[in-house]
Every structure is written in C-alpha cells, then in structure tokens.
Amino acid sequence: MGCEIERKFLLRNGDWRRDAGPGVRFRQGYFERCGRVTCRVRLAGERGFLTIKGERSGRYARSEFEYEIPVADAEAMLAEFCGDRVVEKIRYRVPCDGRVWEVDEYLGPNAGLFTAELELDSESERFALPPWLGAEVSDDWRYSNGALAVRPYGTWKEQG
C-alpha cells in the first residue's frame, strides 16, 4: 500500500525562484467524494495520472495509490467526471538543503496562491525550513487541492 506523508507551507517571498527548475503545468480534477476517499485525475505536462487517497491515519499521513494512465483517458475523465472541480497550477521543483520542495503557483480562480510541499518518510522526520517559507498550512483543509477545486482561493474574501 502506498503512503503519503506531506507537509505544506505558504511562501514568504519569491526567493525560491532562484533555484527552481522549469515548471510543469498541471490540470487536475476531482471526482465526487465517496465518503472520505478522494479520487483525482491529473494531467502533468504530457502525462496522465489517476490517484486515490484515503483519509489521514496520523497527523500528516494517508494512504495514496497513483497510476499513470493514457493522456486521452485523463482528458476524458476530466471532462466527464470532474465538472468544474478542477485546479490548474504550475509546479516547480526547488532543491534546498539536500531535499526537493515542490512549489505550486496556482492559476485561474486560485491565482495569487503559492504553496510549497515536502514529502517525508515519517511523520517525525526533521527537516530544515528554507527562508522563503511562510506559515505551515498542513492542518488547514482549505489549502488542499480538493478543497481549492470546490472553493477557490480567489473567492475566500467574498465568501468570508
């Protein structure tokens, strides 16, 4: 069984761009929720993926199963199953202190939001915080991509 242990942060500034590799455009959609399971289809550059995630089993860990699928299948699933529950972003890989952070620059209704994620091997694993990181939002469900697909960042002020 796959397991994802991930920490997510807002960004303090744009200093991360100095070390960022080229960005990859992502378009990912979310199926209707089935209980506490999240199902996502993603186009990442020229590749397609189907991902199923369970609920958290610890503070940061949850089961995750991801499979590469044909791009045509991903496009069809986005169109047929996801409706407007779609998030678009550009993902950059940023090396820092022997690790690689994934920085997401959100587009469309989530424009203006930037987050950085780090995948870990255990929940207790220690890591250095780059100076360009801001507040941690790992425990704030609003910053999950599934939540951003339903309630985009750009609507937060008007919705309260």
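This is a dialogue on reading strands, a helix, turns and a pocket in a predicted model.

Student: Where should I start with the strands? Which strands pair with β2?

Tutor: Strand β2 (24-30) has pairings with two strands that are worth tracing. With β6 it pairs in the antiparallel sense, over six bridges. Phe26 has Lys89 in β6 as its bridge partner. Five bridges join β2 to β3, and these two strands also run antiparallel. Here Gln28 is matched with Arg42, and Gly29 with Val41.

Student: How does the sheet go on from β3, and how many bridges join β3 to β4?

Tutor: β3 and β4 pair in the antiparallel sense over seven bridges. Val41, the partner of Gly29 in the pairing with β2, has Leu50 as its bridge partner in β4. The hairpin of β3 and β4 has two residues between the strands, and Gly45 takes a positive phi near 65° there.

Student: How do I read the side chains of a strand?

Tutor: In a regular strand the side chains alternate between the two faces of the sheet. In β3, Thr38, Arg40, Arg42 and Ala44 point one way, while Cys39, Val41 and Leu43 point the other way.

Student: Are the residues of β3 buried or exposed?

Tutor: All of them are buried, whichever way they point. Buried here stands for under 20% relative accessible area. Seven of the seven residues of β3 meet that condition, so the strand is largely enclosed by the rest of the structure.

Student: What is the case for β7?

Tutor: Strand β7 covers residues 99-106, and six of its eight residues are buried, so β7 too is largely enclosed by the rest of the structure. Strand β6 (residues 86-96) pairs with β7 in the antiparallel sense over eight bridges, with Pro95 opposite Val100. β7 also pairs with β8 (residues 114-119), again antiparallel, over four bridges. In that pairing Asp104 stands opposite Thr115.

Student: Which residue has a positive phi in the hairpin of β6 and β7?

Tutor: Asp97 does, in a hairpin that has two residues between the strands. Its phi is near 50°, a positive value in a residue other than glycine. Asp97 lies in the loop between β6 and β7. At 60% relative accessibility it counts as exposed, because the cut-off for exposed is over 50%.

Student: What about a residue that falls between the two cut-offs? Where is Tyr67?

Tutor: Tyr67 is in strand β5. With a relative accessible area of 45%, Tyr67 is partly exposed. Leaving aside neighbours within four places in sequence, Tyr67 is in contact with Gly48, Phe49 and Leu50. Tyr67 and Val41 are 26 residues apart along the chain, and their C-alpha atoms are separated by 9.7 Å.

Student: Now the helix. Which residues of α1 are buried?

Tutor: In helix α1 (residues 71-81), Ala74, Met77 and Leu78 are buried. They cover an arc of only 100° around the axis, which puts them on the same side of α1. On the other side of α1, Ala72, Ala79 and Glu80 are exposed.

Student: What do the buried residues of α1 pack against?

Tutor: They pack against β2, β3 (38-44), β4 (47-56), β5 (61-69) and β6. Just after α1, Gly83 takes a positive phi of about 55°.

Student: How do I look for a pocket?

Tutor: Rolling a probe the size of a water molecule over the atoms shows where empty space is left. In this model about 1,100 Å³ of space lies in the largest pocket. It is lined by 47 residues, and the closest to its centre are Glu6, Arg40, Lys53, Arg62 and Asn145.

Student: Which elements give two or more residues to the lining of the largest pocket?

Tutor: They are β1 (3-11), β2, β3, β4, β5, β6, β8 and α2 (145-150). The largest share, seven residues, comes from β4.

Student: How many nonpolar, polar and charged residues are in that lining?

Tutor: By class, the lining of the largest pocket has 24 charged, 16 nonpolar and seven polar residues. Arg40 connects two of our topics: it is among the residues closest to the centre of the pocket, and it is one of the buried residues of β3.

Conventions:
Residues numbered from 1 in each chain as written. Predicted model: local features only at pLDDT ≥ 70, side-chain atom pairs only at ≥ 80, totals over all residues. Heavy atoms only, no water. Buried < 20%, exposed > 50% of the residue type's maximum accessible area, 1.4 Å probe, protein only. Pairing = 2+ DSSP bridges. Arc of directions from axis to C-beta. Contact = heavy atoms within 4.5 Å. 1 Å grid on protein atoms, 1.4 Å probe; cavity = no way out; pocket = protein on both sides within 12 Å on 5 of 7 lines; lining within 4 Å. Points joined across faces, edges and corners; volume = space filled by probe spheres on them. Nonpolar A, V, L, I, M, F, W, Y, C, P; charged D, E, K, R; others polar.
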